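Biologist: I am new to this protein. Could you take me through its cores, pockets and cysteines?

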Amino acid sequence: MIITGDDPEYIAFVKARLRDQFLMTDLGPLRYFLGIEVSSTSDGFSISQEKYIQDLLARAALMDERTVETPMELNVKLRPTDGDPLPDPTRYCHLVGSLVYLAIAHPDISYPVHILSQFVSAPTTVHYSHLLRVLRYLRGTITRRLFFPRSNSLQLQCYSDATWANDPMDRRSLSAYCVFLGGLLVAWKTKKQVAVSRSSVEAELQAMALVTAEVT
């Protein structure tokens, strides 16, 4: 359980009441919780998942030490029929599931994880090779963190973008957005649109509607 707030006295009161009702141990300031590492300084705090990435790389059993600059190649359009079916898709499914959780503190992998997760029911050798690329990217960026300064503006800034008919199977577009509170990245998402857009403008408007709903 994480207890947080801006009133230390009331936090102490809540802890005391919980101890009266339950057997519990106070672990002190938050440092690690469900694979998320939290570090605090006088300037603010940051979150990362470095240990989680190390464990993930160990489970993937990558035999080389290569890294890549980007999590996915430019203009890649994957199809369900690309490559040969994997004899055992279990590892692919487990790794993609771990990447979904890893995206909590890594917005830079949101797009490739969204793409790769579409093939968990029947992954192929091509899909698996792109999955390994994401892992090599994470190996090279393992120390990156999300930083949240203590003093910051409360002005909301939102950015959205969209592809147009980029899915080669159903021609639906992708919406993506990120939301900043001052300089803090607080929300992001990549999602396939529910209908086929007849123009790039329509695809962009659907992306704007998605981020507007998030802000509202």
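The questions below go through the cores, the pockets and the cysteines in turn.

Biologist: Which helix gives the most residues to the largest nonpolar core?

Modeller: This is a predicted model. Its largest nonpolar core has 30 residues. Helices H2 (50–60), H3 (90–102), H4 (110–116) and H5 (125–140) each supply at least two residues of this core. With seven residues, the helix that gives the most is H5.

Biologist: Which residues does leucine 131 touch, leaving out those up to four places away in sequence?

Modeller: Leu131 is among the residues with the most contacts inside the largest core, a group that also includes Leu135 and Leu138. With residues up to four places away in sequence left out, leucine 131 touches Tyr92, Leu95, Val96, Leu99 and Leu116.

Biologist: How many residues are in the other core?

Modeller: This core lies apart from the largest one. Its members include Ile36, Val38, Phe148 and Leu185. The count is eight residues.

Biologist: Which strand gives the most to the lining of the largest pocket?

Modeller: The largest pocket holds about 1,000 Å³ of space, and Ile2, Ile3, Gly28, Pro29 and Leu30 are the lining residues nearest its centre. Two or more lining residues come from each of helix H1 (8–21) and strands E1 (32–33), E2 (36–41), E3 (44–48) and E4 (146–149). With four residues, the element that gives the most is E2.

Biologist: How many residues of the lining of the largest pocket are nonpolar?

Modeller: The lining has 28 residues. Six of them are polar and five are charged. The nonpolar ones number 17.

Biologist: What is the volume of the second largest pocket?

Modeller: This pocket is lined by 19 residues, with Leu78, Ile115, Gln118, Phe119 and Asp167 nearest its centre. By class, eleven lining residues are nonpolar, four polar and four charged. The volume is about 240 Å³.

Biologist: How many disulfides are there?

Modeller: A disulfide needs two cysteine sulfur atoms within 2.5 Å. Cysteine 178 is in no disulfide, because its nearest cysteine sulfur, that of cysteine 158, is 8.3 Å away, beyond that cut-off. For the whole model, the count is zero.

Biologist: Is cysteine 178 buried, partly exposed or exposed?

Modeller: Buried means under 20% relative accessible area, and exposed means over 50%. The relative accessible area of cysteine 178 is 22%, so cysteine 178 falls between these limits and counts as partly exposed.

Technical notes: Residues numbered from 1 in each chain as written. Predicted model: local features only at pLDDT ≥ 70, side-chain atom pairs only at ≥ 80, totals over all residues. Heavy atoms only, no water. Buried < 20%, exposed > 50% of the residue type's maximum accessible area, 1.4 Å probe, protein only. Core = buried A, V, L, I, M, F, W, Y, C linked by side-chain atoms within 4.5 Å. Contact = heavy atoms within 4.5 Å. 1 Å grid on protein atoms, 1.4 Å probe; cavity = no way out; pocket = protein on both sides within 12 Å on 5 of 7 lines; lining within 4 Å. Points joined across faces, edges and corners; volume = space filled by probe spheres on them. Nonpolar A, V, L, I, M, F, W, Y, C, P; charged D, E, K, R; others polar.
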